[in-house]
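Reader: I would like to learn how to read empty space and packing in a protein model. Could you take me through an example?

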Amino acid sequence: MASDQAEIDGTDVRDAVYHTLSVQEKSIATLQDAEAVAEITQVAEVISEEDGRVVFSGIGKSGDVGKKISSTFNSIGVSSHFIHPVEALHGDLGALSAEDVVVLISNSGNTDEMVELLQFLRSFDATTVAITSDPESKLGTRADYHINTKIEEEGAVVELVPMASATVTMVIGDCIANALMADRDFSKQEYGHFHPGGTIGKRLLLTVEDLLHKNIPKTRPADTLAQVALKISEGGKGIAVVQDDEDCVKGIVTDGDIRRLIESGTDLHNVEAEEVMITDPITTSVDIAAIRALEVIEENNISQLVVTDDSDRFLGVVHIHDIMERGLTT
């Protein structure tokens, strides 16, 4: 099979694709042995125990990978930033402290700037972690902790191009991030707090209470359908909520109900709300996620949900349009 070939000559596009996928797959699979898992777990535990930030550093593609991992850490509440090794050696070392964990990324483990940075980090007494493909490299032997990527080939047509090493390092970063989330019982709500803008934040943080429409005129069971029709129009949400003297929900009448009654020849002045109302409307509470409310609305092919408190007292209505206007979809 093409995906099993060990070498490519750069002339067959399809073979190049298969070869890349094969090398990347094997490289990630190599991380699943006990030794690699133990190294990654140890670093996650060290980061969890330290009080400072997690600082990533690298040059070229290693630097790009470090920035990506740092961004992931920040998104889960682990304070992190990236520092370029050259800039660090020209003044930015002042941003580091002894409580920090500094992760040095270099495939060879012998990049001059990274080795020099590690030397100066010792004066800060910061905890250092090296991620390389060579445990016997300068970074691998001199850092406090080492994670071996075990990369033997990049999988590129031109082998000098970083591919598998970048992928595996990112996977290692994700493994550490996941370990930290597991250790800290990190929740969806917490993730949402670090992403308050955009669809992610809305899906996780937006609740029914944020969209609650309270100005629905109160409808009495004895109100005529003519009165109900006026209240539906006044409320602007296509619904009248029938309530008793204690504001408890007894039923609903929708604008669709009114239209069907008119089409059937019903005299709206001689029929009361309690005679035609739906007595078991689907209700929800103010604290459920807006995206869940949208799911309920779509599952039941309705336009809105009646919102009540624990005693079944009416609080308001959440309408499908209000949810979708916030950019939420199921």
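Author: Gladly! On a 1 Å grid over the protein atoms alone, a cavity is a set of points where a 1.4 Å probe fits but cannot get out, while a pocket is an open set with protein on both sides within 12 Å along at least five of seven lines; lining residues have an atom within 4 Å of a point. Grid points are joined across faces, edges and corners, and a volume is the space filled by probe spheres set on the points. This is a predicted model, in which local features need pLDDT of at least 70, side-chain atom pairs count only at pLDDT 80 or more, and totals for chains, interfaces and linings use all residues. Residues are numbered from 1 along each chain as its sequence is written, and side-chain values use heavy atoms, with hydrogens and water left out.

Reader: How many cavities of 30 Å³ or more does the search find?

Author: The search of the whole structure finds 1, and the largest cavity holds about 30 Å³ of space.

Reader: Which residues line the largest cavity?

Author: Its lining is Ile47, Phe56, Ile69, Phe73, Val103, Ile131, Gly173 and Ile176. Helices and strands here are DSSP runs (H or I, at least four residues; E, at least two), numbered from the N terminus. Helix H3 (61-75) and helix H7 (164-184) each supply at least two residues of this lining.

Reader: And how should I read a nonpolar core?

Author: It is a set of buried Ala, Val, Leu, Ile, Met, Phe, Trp, Tyr and Cys residues joined through side-chain atoms within 4.5 Å, where buried means under 20% relative accessible area (1.4 Å probe, protein chains only). The largest one has 29 residues, and those with the most contacts inside it are Ile47, Phe73, Val103, Ile172 and Ile176. H7 gives the largest share of this core, 7 residues.

Reader: What does isoleucine 176 touch?

Author: Taking contact as heavy atoms within 4.5 Å, Ile176 touches Ile40, Val43, Ala44, Ile47, Phe73 and Ile147, leaving aside residues up to four places away in sequence.

Reader: Now the open spaces: what is the volume of the largest pocket?

Author: About 290 Å³. Among its 17 lining residues, Ile252, Thr254, Ile302, Ser303 and Gln304 lie nearest the centre. Helix H12 (255-263) is one of the elements that supply at least two lining residues, and H12 gives the most, with 3.

Reader: Is there another pocket to look at?

Author: The second largest pocket has a volume of about 230 Å³. It is lined by 17 residues, and Ser62, Ser106, Asn107, Pro162 and Ser165 are the closest to its centre. H3 and H7 are the elements that give two or more residues to this lining.

Technical notes
Buried means under 20% relative accessible area, exposed over 50%, partly exposed in between (1.4 Å probe, protein chains only).
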